[in-house]
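Work through the following exercises with the sequence and the model side by side, and try each task before reading its solution.

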Amino acid sequence: MEPKKTKDLKEAFLRSRTIDAELNEERKKKQREVQLLTLGSAGSGKSTFSKQLRVLYGDGFPEAERVKLRPNVYSNVRVAIKRLVRAMEKLGIQFEREESKQNSLCFLAGVFRRECWNAALGLARCCLRGLQWLDPEMGDAQDLSENLVSVENGQHCYELCADDKLSLEETVAIRALWQDKGVQDAWEQRHLYHLAESAKYFLDNIDQISTETYIPSVQDILYIRLPTTAIEEHEFSVNGLTYRVIDVAGQKSQRKKWIHFFEGVTAVLFFTALSGFNELMDDDDKVNCLHDSLDLFRDLAYNKWLEQTDFILFLNKHDLFVEKLKTTSIKSCFPHYDGPNTPEDCTDFIQGEFLKRKPVKKTVYPHITCATDTNLMKTIISDVHNIIVDINLRRVALL
Ligand SMILES: Nc1nc2c(ncn2[C@@H]2O[C@H](COP(=O)(O)OP(=O)(O)OP(=O)(O)O)[C@@H](O)[C@H]2O)c(=O)[nH]1
Ligand SMILES: [Mg+2]
């Protein structure tokens, strides 16, 4: 019979081998998996980056998915015209044509009707939920819009307010308003109030997007402005690595939640909108967008939970930045800047401003990007991928 001591040693050896094998397996798994956290102010391009990953490495937005996003395009168009018309009032800009006033009233009445319809639906849903709570046998709240449609006048209201349609009246009003010189003047002064830049892309294409058969293209999807409200996680397989991308909401009120995702992050992808240098924030109209972004970057770069985490800095919206520099100086944002107002010099300067706001030891990899340009992003993502592989190898070696 085997002596007890030899048996114990054998068992300990086998146990240790199993643990080693498990650790090895875990290390290999970690080598193949990276966790990327996209951070940055609202509208800086975080979700557009995730969309590009989906275009390049995911299912590429099949038609069935794109159809579902049609209401978002219409909502972007409606919000844009509403903000343009409201800005005209604020800035004291007059309509060029007399009939534009009528179009504007007709359009705003439609917006008001839609808001009332949605409020009525919301209220009715609340009531129904309350009734369901009292009596679980009650019908399902989800079917409510269909039920409302069946009541007298409901169908008519629904037709007028459906989110997935642009009515003929609305399309005519929007087209005429967008062509009015007063509205165009308000567009030129958009840095004085908040307006999504993609508004022009959709308004220029109003004829196409208002057709019954319209299905948003992949490019349209990339231009949709839909603020992230809850943390979203996406998974992609990129050149043999699994990317787990955590996409957060950039609004000031949402930033407290970010800290819950700092642990275990391979790299932070920080997005800033270069074109925000002469814009005020949507959620705080006293703060300049680029200054907010610089402050945010500094806070994160010095955050103790991210001490060991490398940052990849996306100097995004470079296309819009280049356009703006043709008429506007970055001195409005950085009064002490005395270099030439060329895209190269200004981008270098802003990049320097970010790099000044990090601890000396922290590694930050800057990239100049246009998140809506798939060809460009393909090259950028390939560069970023190589950096991520390096970072990951270093991290796994330390485990
Ligand atoms: N022209 C241009 N538009 C861009 C670029 N990057 C993003 N956009 C547009 O900017 C808008 C905002 O982009 P998002 O990706 O939704 O911004 P976000 O950082 O996710 O914003 P939140 O979810 O609110 O935090 C969208 O309409 C995009 O199409 C860019 O480089 N150039
Ligand atoms: Mg987002």
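**Exercise 1. Place W178 in the fold and describe its surroundings.**

Step 1. W178 belongs to helix 8, where helices (H or I, at least four residues) and strands (E, at least two) are DSSP runs, numbered from the N terminus. The model is a predicted one, in which local features need pLDDT of at least 70 and side-chain atom pairs count only at pLDDT 80 or more, whereas totals for chains, interfaces and linings use all residues. Residues are numbered from 1 along each chain as its sequence is written, chains are lettered from A and ligands numbered from 1 in the order in which they are written, and side-chain values use heavy atoms, with hydrogens and water left out.

Step 2. The relative accessibility of W178 is 7%, so W178 counts as buried; buried means under 20% relative accessible area, exposed over 50%, and partly exposed in between (1.4 Å probe, protein chains only).

Step 3. Not counting residues up to four places away in sequence, W178 touches L84, V183, Q184, W187, K200, L203 and D204, a contact being heavy atoms within 4.5 Å.

Step 4. For a view across the model, take G58, which is 120 residues from W178 in sequence and 36 Å from it in space, C-alpha to C-alpha.

**Exercise 2. Describe how helix 4 and helix 8 pack, giving angle, distance and handedness.**

Step 1. Two packed helices are described by the angle between their axes and the distance between the axes. Axes are lines fitted to C-alpha atoms, for helices over the stretch in contact, and angles run from 0 to 180 degrees between N-to-C directions.

Step 2. The axes of helix 4 and helix 8 cross at roughly 50° and come within 11 Å. Helix 4 and helix 8 are therefore oblique to each other, since angles under 35 degrees count as roughly parallel, over 145 as roughly antiparallel, 65 to 115 as roughly perpendicular and the rest as oblique.

Step 3. The crossing of helix 4 and helix 8 is left-handed, a term used if the near helix is turned anticlockwise from the far one by less than a right angle, with right-handed used if clockwise.

Step 4. Helix 4 makes the contact through V77, R78, I81 and L84, and helix 8 through E170, I174, L177 and W178.

**Exercise 3. Which residues have the most contacts inside the largest nonpolar core, and which helices supply it?**

Step 1. A nonpolar core is a set of buried Ala, Val, Leu, Ile, Met, Phe, Trp, Tyr and Cys residues joined through side-chain atoms within 4.5 Å. The largest one here has 33 residues, and I81, L84, F107, I174, L203 and I209 have the most contacts inside it.

Step 2. At least two residues of this core come from each of helix 4 (70–91), helix 5 (98–134), helix 8 (168–179), helix 9 (181–188), helix 10 (199–204) and helix 11 (206–209). Helix 4 gives the largest share, 9 residues.

Step 3. F107, leaving out residues up to four places away in sequence, touches R78, I81, K82, A173, I174 and L177.

Step 4. Another core, of 32 residues, lies apart from the largest one and has F277, A301, L313 and L325 among its members.

**Exercise 4. Which residues coordinate the magnesium ion (ligand 2), and where do they lie?**

Step 1. S47 (OG) and T228 (OG1) coordinate the magnesium ion at 2.0 to 2.1 Å. Donors are N, O and S atoms within 2.8 Å of the metal (3.2 Å for Na, K and Ca), and water is not among the atoms, so sites may look incomplete.

Step 2. S47 lies in helix 2 (residues 46–57) and T228 in the loop between helix 12 (218–223) and strand 2 (232–238), so the pair ties together parts that are 181 residues apart in sequence.

Step 3. S47, at 22% relative accessibility, counts as partly exposed, whereas T228, at 12%, counts as buried.

**Exercise 5. Locate E197, and decide whether it is buried or exposed.**

Step 1. E197 sits in the loop between helix 9 and helix 10.

Step 2. With a relative accessible area of 18%, E197 is buried.

Step 3. Beyond residues up to four places away in sequence, E197 touches W187, R190, E279, L320 and K324.
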